[in-house]
Amino acid sequence: MSIVGFLSEKQRDRRFTEQLLSSPEGSKILECIQCGTCSSTCPLSHYMDLTPRRLIYLAREGFKDLVLRSRTPWICASCFNCVVLCPAGIDISGVMHALRRLALAEGTYPRDEVIPALSKSFYDEVFRHGKVNEAKVALAAKGLRGTLSMMGLGLKLWRKGRMSLSAEKTRSPSEIREMLREVAGS
Amino acid sequence: MVDEPRIGVYVCHCGRNIAGVVNVAEVAEYASKLPGVVVARDYMFMCSQGGQQLIQDDIRKYRLNRIVVASCSPNLHEKTFRRAAKGAGLNPYNVHMANIREQVAWVTEDPEEATEKAKALVRGAVERVKHHEPLEEKKVPVKDKVLIVGAGIAGISAALVCANAGKTVYLVEKEPSIGGMMARFDKTFPTLDCASCILTPKMNEVASHPNIKLLTYSEVVDVEGYVGNFKVKIRKKPRYIKEDLCIGCGDCVEACVFKNPRFYPKPDEWSLGLKRRKPIYIPFPQAVPRVAVIDPEACVYLKYGKCAQTCVKACSRNAIDFTQKEEIIDVEVGAIILATGYKTLDLRKLPQYGYGKYPNVYSAPEVEVLLNASGPTGGEVVLRDGRKPESIAIIHCVGSRDEKYKKYCSRICCMAALKLAHLLHERTGAEIYEFYIDMRAFGKGYEEFYRRVAGEGVHLIRGKVSEITDAALTPEEEGKLIVRVEDTLAGAIRRIPVDMVVLMPALEPAVGSRELAKLFGVSVDENSWFMERHPKLAPVASLTDGVFLAGCAQGPKDIPDSVMQAEGAAGQALALIDKGYVELEPNIAYVDEEKCSGCRICVGLCPFGAIEFDEERGKARIVEALCKGCGTCAASCPSAAIQQNLFKDQQVMAEIKGVLAAMRGG
Amino acid sequence: MKYAYYPGCTMKTSYPHVEKSILALAKHLGVNLQEIEDWNCCGAAEVVNISMEASLILPARVLSLASRISDKVLVPCTECLYNLKRTLITLEERPSLREKIVGALEKKGLKWKPVKIYHPIDMVIKDIGVEKIKEMGKERLKGLRVVPYYGCLLTRPWGDDHPLYPTSMDEIFEALGAEIVDYPLKTKCCGAALTASGDERGLSLTYHLLREAKRRKADVIVVPCTLCQFNLEVFQNRIKERWGEDVSIPVLYFTQLLGLALGLGEEELGVDKLLVPFKMPERRGGK
């Protein structure tokens, strides 16, 4: 997504900025000095449609749609390089997490990224069982074609005892479920 | 109470500063009903001519003998109102201020709460001022000499102004030569003047000025006294050279037993370690005084007691003296100027830039030396690995504007970086890349300089570099230092391979600044810079009377600003001295001999050595001229024998009782 | 020395070979590990994308259960490590969240009591000490060129070591006689979940990491993170296919190489379960 030409004031949504500012991770974004340290240190920034610096800038200005449709939060690998280097002390990785939550809630996340689907199925698995078999969840998120592409590797790992499709469970998954429902409302 | 109190209370609006929150009319109304109060008023600006006139008229009309002004901090206007009272024939110390701006209006949101607080403070002040008595200021003559600490461009500039005004100046410098950081520069921005061409004449003027006593290789070790009358101890380290005999010919240096430059024992201080030096050396060609110095930690004779002493044999003037000892010099001065400068941030604290790991990463001061005609390469830009750079990255804001290091902007780096870009391009023809966050070109001629350097084809890339690495991804990057950056104006990531990296480090106070601040009793700010009395209106005075600040010791500054502040400080010092006397606040302590048990607790506690013990009478005695009114003795005296003017127990207690009574709704 | 031990989900399904080495090493060093009873998932990197509160209650339950066993919990997976630390810090700094989370715990009869969170590296450095390790190791790693690769979450955003230039593993393996390779990428990201899902953008990061280790003539990469172990090891063939460059190099979890250096056996440490086999220096020389 490239932004060329005119950004209409109609695209701005003040409440979106407020929402981000009130999240535990986004409280300091107004202090950003737009130096680009985050983008410079980010190992994946060259794949992003908006660099982390631009994303924070647009979020601050309230361009909700541009921000929540961006790929950037889904490419971020949470390596925290930006967090330890940011001269303004902004929790940039955390901002990415907050933006992911908002994009998932709004349904504006890019459909061809795998992390959104993975997050949803992962949460479902935790909700159901209290524990997670990550390989199973990952395969579910990747769909049939994705699964087939990983088959050879899976087989090799399985032979070494490093791959299992067993369902892991806590003793009483309902306890976890009730706790999640209480604090997260789902 | 000395007499029947007749009190006037004046509540200031301070525009909307106070009246925006506090109901000032209600406070005045409240005050008018307090016992002893004859008149109470509120007024838009008490500090204005009109406000002062109001007080003076009331004093005459109502025969007032006490005044309470409820307004701002006494730091700002205590003098104003004391002067006004004095003008109407009242003793100025019968005035007391209640601070309802900083302590109430600015820190209280709820108007009702603020109004109640203001009433309480006013009532406290009314009760207190009843116990005030007339006091006399003491006039003390001022010593007409000036001490200046630090002989960089700021100290030198201040010294010349004072000396030209006919005052004796003691100029103390801890290094063996004066000149400071500026002596390392080749050119200065924005005019590209040759630094030594403009500095050296001033250094020589200092050396030959009849009014300047130059004390190099020396440090202040003790300061006593007060404004107008400071007693200072200075330690002069031995140079092992007789300064009056040495003519700086350099024969001794030539003759020293160390012959191979690679095995010289010490990194050379002036060139920041870019070359090594012998144990006997002259700091740099234009050094003032041009006198050799022997480093006792490196000299074979001084360390081991055995050496061929080729230096002694080479000196035709018999100037070398291995028996020299350190000297303590006592001086008495009326004013002090601190001009101790800065150092650059230790770049090893930012390992991401590879300083100390990759040889071709340089600090900006090192590049200044490298470009200097008197430097180790005669001004040729040759890298540590012997190559000439074809591409150079200059990185701004290294440790500046960064919560993790220094929050502030170091002010000089943008222009210094542009200057280095120009000089490096001129000397090497290399491609220059500058990485900046914001280009700050605020001074006279700076914007023009920025345009000029931009016009020379320097690549100005807006983006902060996060790391310098040698991990190459492409064949073009092999053997280079790689800068990965977001070109924020393009909104894209770039990787730029270069041969040389120049880091523009943040400035921080010179080594030992905190200790020095303690020694001189001046305050420092959160970053350890010496604190000025007021950031706008008293930028040259420190919070300690008679001590003034100049140059980077007070905060990062370029040369024009350092010189400006230095000459301002010199002006302030001269104004103080030429008045001939100072008036000391009569807030000093005194001993009630009846009560004094002679326990001597106060003698040890007084930070100013102002308490003597009279052995014969077995009583403590306060030396008025030395007492600064800090209150330590009064607070610690177990028999309450020590009282302090303006802070007597009865005054303080009355104030507290007044505040409490108001809070109880009385 | 007694620790509550929190293996985390993937340790059981995908890294039994790593877990073996952790347990064997602990036993060898005389450290008592007691696995937390009925532990649950920490939420990994995914739950926080759904709900902040959910991402806190999961680790909070684990920490609460851990506090029944010891005031120290050992966490070998760095994602779990991060989530546990994040929960501890967030609940400390944000009273409103603490109230909510602690309230939910208490409803289930769980008490909130903060515990110290240790990675096995912390355990070795703080409880055993590099000096002792040196003594025990008898320089068995002499001649081995090791890249200690730290990845992200061991030191960022919280850790005892420098966040970008840590040295804890360097010190340990140097004490064991290894030659530490100057490796400027030691805290660069492996791509985490992006790589693990086979995404080429993530794989490019892993490619650069492996390539640089090869260029600097390393014999082995040692990691403190199970996901790093996975990402760096299992995609080596795919990287060769995609970029045409041989990047094969063994990748061991920290406790595996440390165990070998202290004289434990390959099988005991799960080293035989690696896809890219690793041999100790003296045996490589013997062949």
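The buried residues of helix H9 of chain A are A:Glu134, A:Ala135, A:Val137, A:Ala138, A:Leu139 and A:Ala141, a residue being buried if 20 or more other C-beta atoms, placed from the backbone, lie within 10 Å of its own. Helices (H or I, at least four residues) and strands (E, at least two) are DSSP runs, numbered from the N terminus. The model is predicted, and local features need pLDDT of at least 70, side-chain atom pairs count only at pLDDT 80 or more, and totals for chains, interfaces and linings use all residues. Residues are numbered from 1 along each chain as its sequence is written, while chains are lettered from A and ligands numbered from 1 in the order in which they are written.

What, then, covers the buried residues of H9(A)? The cover includes helix H8 (114-129) of chain A, together with helix H1 (9-13) and helix H9 (192-196) of chain C. H9(A) itself, residues 134-149, spans only 17 Å between its end C-alpha atoms, whereas a straight helix of 16 residues would span 22 Å at 1.5 Å a residue; the expected span is 1.5 Å times one less than the number of residues. A kink of about 125° is centred on A:Gly143, the bend at a residue being the angle between axes fitted to the seven residues ending there and the seven starting there.

Chain A as a whole has 11 helices and zero strands. Its C-alpha trace spans about 55 × 40 × 30 Å along the principal axes, and buried residues make up 48% of its 186 residues. Two domains are assigned to chain A, domain 1 (10-106) and domain 2 (114-184), with bounds that come from an automatic or database domain assignment. The C-alpha centres of these two domains of chain A lie 28 Å apart. Among contacts in chain A between residues at least 6 apart in sequence, 66% join residues at least 24 apart; two residues are in contact if their C-beta atoms, placed from the backbone, lie within 7 Å.

Chain C, with which chain A makes contact, has 14 helices and eight strands. Its C-alpha trace spans about 60 × 45 × 30 Å along the principal axes. With 287 residues, a compact globule would have a radius of gyration near 19 Å, and chain C agrees, at 19 Å; this radius is taken over C-alpha atoms, and the globule rule is 2.2 Å times the number of residues to the power 0.38. Of the residues of chain C, 59% count as buried.

How many residues does each chain bring to the contact between chain C and chain A? The contact takes 52 residues from chain C and 51 residues from chain A. On the side of chain C, the largest share, six residues, comes from H3(C). That side divides into 27 nonpolar, 12 polar and 13 charged residues, where Ala, Val, Leu, Ile, Met, Phe, Trp, Tyr, Cys and Pro count as nonpolar, Asp, Glu, Lys and Arg as charged, and the others, Gly among them, as polar.

Chain B also touches chain A, with 16 residues of chain B in contact with 17 residues of chain A. Strand S25 (residues 481-487) of chain B gives the most to the chain B side, with three residues. By class, this side of chain B has four nonpolar, four polar and eight charged residues.

Notes:
Buried ≥ 20, exposed ≤ 12 C-beta atoms within 10 Å, placed from the backbone.
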